Structure formats: structure tokens, C-alpha cells
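Open the model in your viewer and keep the selection panel at hand. The tour below moves from one selection to the next and says what to look for at each stop.

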Amino acid sequence: MEAMEFIFEFVMQFFGEILLQLFVEVLAKSLLYSFDLKSGHPIHTLYSSVGFTILGGLAGLISLTFAPHSFVTNPVLRKINLVVTPLAAGGIITLLGKRKRRSGIAPDGLDKFSYAFVFAFAMALIRFLFTK
């Protein structure tokens, strides 16, 4: 029975972290969309990666005011969550971006898996380092 409790605990804690990350990523996407930074010139991938890393880190710091404790309490699961949550958030955001493209809406930077993952990983890393 302990194994089932462990699995249930992990799923519930993971679900809390993924919901927080998705909420913050969607909020960030909305803010970026409202600024409409399209100048007709593509931004270099390195600059975009650094920018989304910084935004993700800032989002992680801001999230600490609303959720100062990690949803995942087991130390081993917290390390696993550091990779699993950004992968899941990046995948979900990418799927939402594909749906947006099918609807005729132009994609933005966070619609790419790599940028969504970098954003989510930076946020998860800050939360990992500053929560218990």
C-alpha cells in the first residue's frame, strides 16, 4: 500500500507544480503578445534563449510570493520534478501553439518547445533552489 500512496503523492504534487508553471507561462505569453515585438527581423536564437531564461527565472522569483513552498515535498521527487515539469509544460505549451496556428493565429516565441522548456526550466530551478 505504501507504493500506491507514494505514487498518488507524487502525481498530486507534480500536478500542483505543472499547473503553476502553465499558469505563469500562459501569463507570460499574454504579456509578450500584448507588446507585439514583431519588427520583421527574426531575433537570434541565442538572444531568445537568454531572454526566455531570464523571464523564466523572474517568473520563478515572482511565483515564490504566491506559492512559497514547493508542491513536491519528497527530496528525490523534487529532483525528478526539476526535469519532468519543464518537459511537460513545454510539451503542453507547444500543443497549444499548434492549435493556435491551426486557428490562423501567428505563433510567438514561447510556442516553440525549446523556448517553452527553457522558460519552464529556469522557473523550476529557481523554485527548486528557494523552496523546501
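Begin by selecting Ser70, which in this predicted model sits in the loop between H2 and helix H3 (75-102). With its surroundings shown, Ser70 turns out to be buried, at a relative accessible area of 11%, a value that falls under the 20% limit used for that word. Display the side chain of Ser70 together with the backbone of Val72, and you will find a polar atom of that side chain 2.9 Å from the backbone oxygen of Val72. Then add the residues that Ser70 touches, leaving aside those up to four places away in sequence: they are Glu17, Arg78, Arg127, Thr131 and Lys132.

Next, turn to the aromatic rings, among which three pairs are counted. Select Phe52 and Tyr115, whose rings form a tilted pair with 5.2 Å from centre to centre and 35° between the planes. Because Phe52 belongs to helix H2 (residues 45-66) and Tyr115 to helix H4 (residues 113-130), this pair ties together parts that are 63 residues apart in sequence. Both Phe52 and Tyr115 are buried.

Stay with helix H4 and select Phe117 and Phe121, whose rings form a stacked pair, 5.9 Å centre to centre with 20° between the planes. These two residues are four apart in helix H4, and so about one helical turn separates Phe117 from Phe121. Are they buried or exposed? Phe117 is partly exposed, with a relative accessible area of 23%, and Phe121 is likewise partly exposed, with a relative accessible area of 29%. If you now add Phe113 to the selection, you have a cluster in which ring pairs link Phe113, Phe117 and Phe121.

For the last stop, switch to a surface view and colour Leu46, Tyr47, Val50, Ile54, Leu55, Leu58, Leu61, Ile62, Phe66, Leu125, Leu129 and Phe130, which make a nonpolar surface patch of about 1,200 Å². Which helices supply at least two residues each to this patch? Both H2 and H4 do, and the largest share, nine residues, comes from H2. To finish, pick out Leu46, one of the patch residues, which has its place in helix H2 and is exposed, with a relative accessible area of 53%.

Terms used: Residues are numbered from 1 along each chain as its sequence is written. This is a predicted model: local features need pLDDT of at least 70, side-chain atom pairs count only at pLDDT 80 or more; totals for chains, interfaces and linings use all residues. Side-chain values use heavy atoms; hydrogens and water are left out. Rings of Phe, Tyr and Trp (its six-membered ring) pair if their centres lie within 6.5 Å; planes under 30 degrees apart count as stacked, over 60 as edge-to-face and the rest as tilted. Buried means under 20% relative accessible area, exposed over 50%, partly exposed in between (1.4 Å probe, protein chains only). A polar contact is a pair of N or O atoms within 3.5 Å; within protein, one must be able to donate a hydrogen and the other to accept it, and residues adjacent in sequence count only if both atoms are side-chain atoms. Contact means heavy atoms within 4.5 Å. Patches are made of residues with over 30% relative accessible area and no salt bridge: like charges are joined within 9 Å, nonpolar side chains (Val, Leu, Ile, Met, Phe, Trp, Tyr) within 5 Å. Accessible areas come from the Shrake-Rupley method with a 1.4 Å probe; for residues, only the protein chains shown count as cover. A salt bridge is a side-chain nitrogen of Lys or Arg within 4 Å of a carboxyl oxygen of Asp or Glu.
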